[in-house]
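Thanks for coming, everyone. Please have the structure open while I talk, and stop me whenever a term is unfamiliar.

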Amino acid sequence: GDLSYGELESRANQLAQYLVRHGIAPGTPVGLFTERSAEMVIGILGILKAGGAYVPLAPEYPTERIAFALQDTGTPLVITQSHLADRLPQTSADIVVVNGQQLAAEFEWPAAPPETAVSLDHLAYIIYTSGSTGEPKGVMVTHRNLLASTLAREAYYKEPVERFLLLSSFAFDSSVAGIFWTLSSGGALFLPPPDGEKDVHMLAQIITREQITHTLALPTLYRLLLAYAPKHSLESLKVVIVAGEACPTDLGDLHYRVLPRSTLFNEYGPTEATVWCSVYELPRSSDGTAVPIGRPIANCKLFILDQMRQPVPIGVSGELYVAGASVTPGYWNKPELTAQFFSPLVLDGHEVSGSAYRTGDLARWRADGQIEFLGRVDNQVKVRGYRIELGEIESRLMQH
């Protein structure tokens, strides 16, 4: 069903009032076990309004992984939908069912936002990614990080978001881009049904019917959409962003052949730097070279350094470091791992950044100031956009 901004606001406020009365203080992790639905958006906003940090738990994830996140965050409370409640692993957390457009009777709290002492440095969400030691690691993201990331979008993209189609799972941080960019611009956010992103014909129908103007997808999914969508069905699109894995060289040509009036962008950024830190607008005609990941976004600095943590010359491969307002505080409950990947950056004796994140990605500067992604320094691989640490699989195999 549809939700107006007024309904979304009052329901999220009622949920927030409920959460505050149930002891959710600023920075408390709150599990969110929902499908991509109105309840998911009400849940995210309700948790943030209460000052909590939402922990997305995707129903399609393995039970052990969900159980690990619940135990690791020690969340006192999980919000879910009634048809999913019995799929939650055993947990000591309270389970709160939010259903459909009507919130249950227990949510008949005032529809005004609660008074909370939440600050920019309180956590907004914790998203789990693959960890090389065999257990996932929770990336902590603050309100300051989320704000910087969203404002950078509004600064960079000229086309205001009118109608955004959300294709990623909310357990993926690229969902954050679509949700907060759209809502903060007053646009309409469209959520395809669960698993809907696997059916390109259904996606093409939604794009045509709802006259979608913006979307963000994995390059592999977008290529399928361009190849199999009926002719003219994608013509409402104005801005298409690909992210989550390397952009193939020929994707730009394919895009502009099908959609000559829309623009294709390639974004890059790890979860640890809040969704994105560089972007490249693909030109109408490509020269056949690799598609760069572009230049740094607003409030963000990128450095390409050698093993001595010194800058490399143009054209030379090095490791990419990210600094700036969207670099997150680190990993939940993992101070040693945080210290390993997040540290002050000192170049020529000057501290250039209080905290820089070491991405583990190899890159080089091109002569035109664009950055080209070259691969990994370690054994991490990407499968359909998911970060997979081969060490995590290896440590699991070694247990047998």
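In what order do the seven strands of the open sheet stand? Before I answer, please keep in mind that what we are looking at is a predicted model. The order is β8-β7-β9-β10-β11-β12-β13, and the pairing within this open sheet is mixed. At the edges stand β8 and β13, each of which has a single partner strand, so one side of each is left without a neighbour in the sheet.

Let me take a parallel pair as an example. Strand β7, residues 163-166, and strand β9, residues 214-217, run parallel and are joined by three bridges, and if you look for Phe164 you will find that this residue stands opposite His214 in β9. Two helices pack on this sheet, and I will take them in turn. Helix α4, residues 143-156, touches β10, β11 and β12, and the direction of α4 makes about 20 degrees with that of β12. Helix α5 touches β7, β8, β9 and β10, and the direction of α5 makes about 155 degrees with that of β7.

Now please move along to the β13 end of the order. Strand β11, residues 263-268, pairs with strand β12, residues 278-281, in the antiparallel sense over four bridges, while β12 and strand β13, residues 295-296, are also antiparallel and pair over two bridges. Ser278 in β12 is a useful residue to follow here, since Tyr268 stands opposite Ser278, and in β13 the bridge partner of Ser278 is Pro296. As a general reminder, strands of a sheet pair through backbone hydrogen bonds, either parallel or antiparallel.

Let us return to helix α5, which covers residues 174-185, and ask at what angle α2 and α5 pack. The angle is about 75 degrees, with the two axes 12 Å apart, and that makes α2 roughly perpendicular to α5. From the α2 side come Met40, Val41, Ile44, Leu45 and Leu48, which meet Ile179, Phe180 and Leu183 in α5. By class, this contact has eight nonpolar residues, with no polar and no charged ones.

Helix α2 also takes part in the second largest pocket, which has a volume of about 630 Å³. Twenty-three residues line this pocket, and those that lie nearest its centre are Gly1, Asp2, Leu3, Leu189 and Phe190. The elements that give two or more residues to the lining are α1, α2, β8 and α6. Sorted by class, the lining has 13 nonpolar, six polar and four charged residues.

How many cavities of 30 Å³ or more does the structure hold? There is one, and the space in the largest cavity is about 80 Å³. Among the residues that line the largest cavity are Pro56, Tyr61, Arg65, Ile127 and Ala171. Both α3, residues 63-73, and β5, residues 123-129, supply at least two lining residues, and the largest share, three residues, comes from α3. This lining divides into nine nonpolar residues, no polar ones and one charged.

I will finish with a hairpin. Strand β18, residues 350-365, and strand β19, residues 371-376, pair in the antiparallel sense over five bridges, and the bridge partner of Ala363 is Phe373 in β19. The hairpin has five residues between the strands, and here Gly369 takes a positive phi near 85 degrees.

Methods: Residues numbered from 1 in each chain as written. Predicted model: local features only at pLDDT ≥ 70, side-chain atom pairs only at ≥ 80, totals over all residues. Heavy atoms only, no water. 1 Å grid on protein atoms, 1.4 Å probe; cavity = no way out; pocket = protein on both sides within 12 Å on 5 of 7 lines; lining within 4 Å. Points joined across faces, edges and corners; volume = space filled by probe spheres on them. Nonpolar A, V, L, I, M, F, W, Y, C, P; charged D, E, K, R; others polar. Axes fitted to C-alpha atoms, helices over the stretch in contact; angles between N-to-C directions. Parallel < 35°, antiparallel > 145°, perpendicular 65-115°, else oblique. Contact = heavy atoms within 4.5 Å. Pairing = 2+ DSSP bridges.
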